[in-house]
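Trainee: I am new to this structure and would like a close look at a single part. Please keep it brisk, then show me how that part fits in with the rest.

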Amino acid sequence: MLKRGIKNYFLCLKHIFTPLGTMFLGMMLGFSILIPGVFHSISLLGEEIGKLSQQVHLDFSELFDQFWLMILDLNWDNPEEAVHLLFSSEWLNEAMTKILQTILGTDFDTFKLEIIGIVNDFTNQLVLYCIAFIMWWILGFIAGYILVRVLIRHTIAKRGLIKWILFTLLNSILSVVFIVLCTFLATLWKPSVFISNFLVLFLVGLFSLSEAYYIHGRKKIEARKIVNLQNIGIYLLTNFLIFLIAVGLTILVSLISSILGIFIGLSLLVISFHVIRMNAESYVIEMVHLKEDKEMA
């Protein structure tokens, strides 16, 4: 099972460009809303400031230059923190107020309250456009998640419609049982977190192999050859190694580019999750085929 599970993971890495592609498409659709929206908001900002007085003029080129410099000054060594600040209304308010104070000089002091109100409206619009961008990115990620699941299913653990219905029903029942047992164990073993976590991991392996056996191996192979302590241990070890490989690959990519590491890491995580979910089924299918081949021979 260990060899098969690791092989499945590397075999499914060929699908890594699927979540990357859908996330990129989501970002492009998000940018198609964000960029025109930002320019529209900046244009309205200039119009509103211009209405304050005929003597007040906003230099847009200087506005863009200073805003870009403030973006570059963010701590991009920590991209998560930088993006969080960039998309926050507090940071945008502070940044735009400082920039306008620099550009307008004494005019800013004269119309300070009015300008602060205009800036608040401006940053609120930007935040809405940023939310739209993030939503499109999330939709791209979800699309990639679904497509990768279908592709990995086709690659390592095919099943027909009837088996899909059976799996869905069985998975729903076992999920409820699993939640109830985990809650019970957490209450029962509250003083010992280690024992509770070990039992939860054991249940994960037990349910996964039992589920896979019922769907693919029932009446074809003996249950004890699939669902046993040795296989449960190997199944959990395989899952751990797959996540370890994913983390290692993500770190290697992050050494080249932290932003690229985030996207590659998310893609590897999606693939790892689906491979782990289907490894038990893949193992049962392989064991059934081996038994059938022996019988035919």
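Trainee: Which residues of α5 are buried?

Mentor: A word on the ground rules comes before the answer. This is a predicted model, in which local features need pLDDT of at least 70 and side-chain atom pairs count only at pLDDT 80 or more, while totals for chains, interfaces and linings use all residues. Residues are numbered from 1 along each chain as its sequence is written, and side-chain values use heavy atoms, with hydrogens and water left out.

Now the helix. The buried residues of α5 are Trp91, Leu92, Asn93, Ala95, Met96, Ile99, Leu100, Ile103 and Leu104. Buried means under 20% relative accessible area; exposed means over 50%, and partly exposed lies in between (1.4 Å probe, protein chains only). An α-helix has 3.6 residues a turn, so residues three or four places apart point the same way. Keep that in mind as you read along the list.

What do these buried residues pack against? Their partners are α2 (17–52), α3 (60–72), α4 (79–86), α6 (106–110) and α7 (112–156). Contact here means heavy atoms within 4.5 Å.

Next, check the length. Helix α5 covers residues 89–104, which is 16 residues. The expected span is 1.5 Å times one less than the number of residues. That gives 22 Å, and the end C-alpha atoms are 22 Å apart, so the two agree. Just after α5 comes Gly105, with a positive phi near 60 degrees.

Step back to the whole chain. The protein has 11 helices and 0 strands. Helices (H or I, at least four residues) and strands (E, at least two) are DSSP runs, numbered from the N terminus. Of the 297 residues, 37% are buried. Take the contacts between residues at least 6 apart in sequence: 78% of them join residues at least 24 apart. The exposed surface is about 17,400 Å², and carbon and sulfur atoms supply 70% of it. Accessible areas come from the Shrake-Rupley method with a 1.4 Å probe; for residues, only the protein chains shown count as cover.

Two of α5's partner helices, α2 and α3, also meet through rings. The structure holds 7 aromatic pairs. Rings of Phe, Tyr and Trp (its six-membered ring) pair if their centres lie within 6.5 Å; planes under 30 degrees apart count as stacked, over 60 as edge-to-face, and the rest as tilted. One of the pairs is Phe39 with Phe64: tilted, 5.7 Å centre to centre, with 45 degrees between the planes. Phe39 sits in α2 and Phe64 in α3, so the pair ties together parts 25 residues apart in sequence. Phe39 is partly exposed at 48% relative accessibility. Phe64 is partly exposed too, at 32%.

Another pair is Trp137 with Phe263: edge-to-face, 6.5 Å centre to centre, with 80 degrees between the planes. Trp137 lies in α7 and Phe263 in α11, 126 residues apart, so this pair links distant parts of the chain. Trp137 is partly exposed at 23%. Ring pairs also join Trp137, Phe141 and Phe263 into a cluster.

Follow α11 a little further. Ser272 belongs to this helix. Ser272 is buried, at 0% relative accessibility. Its contacts, leaving aside neighbours within four places in sequence, are Tyr9, Ile242, Phe243 and Ala246. Glu281 is also in α11, which runs over residues 258–296. Glu281 is buried at 2%. Between Glu281 and His216 there are 7.1 Å in space, C-alpha to C-alpha, although they are 65 residues apart in sequence.

Asn231 is another polar residue to inspect. Asn231 belongs to α10 (residues 229–256). Asn231 counts as buried, at 7%. A polar atom of the Asn231 side chain lies 3.1 Å from the backbone oxygen of Lys225. The backbone oxygen of Ile226 lies 2.8 Å from a polar atom of that side chain. Apart from residues up to four places away in sequence, Asn231 touches Met1, Leu209, Lys225, Ile226 and Tyr283.

Last, the cysteines. Cys12 is buried at 0% relative accessible area, and Cys130 at 7%. A disulfide is a pair of cysteine sulfur atoms within 2.5 Å. The whole structure holds 0 of them.

Methods: Polar contact = N/O pair within 3.5 Å; in protein donor to acceptor, adjacent residues only side chain to side chain.
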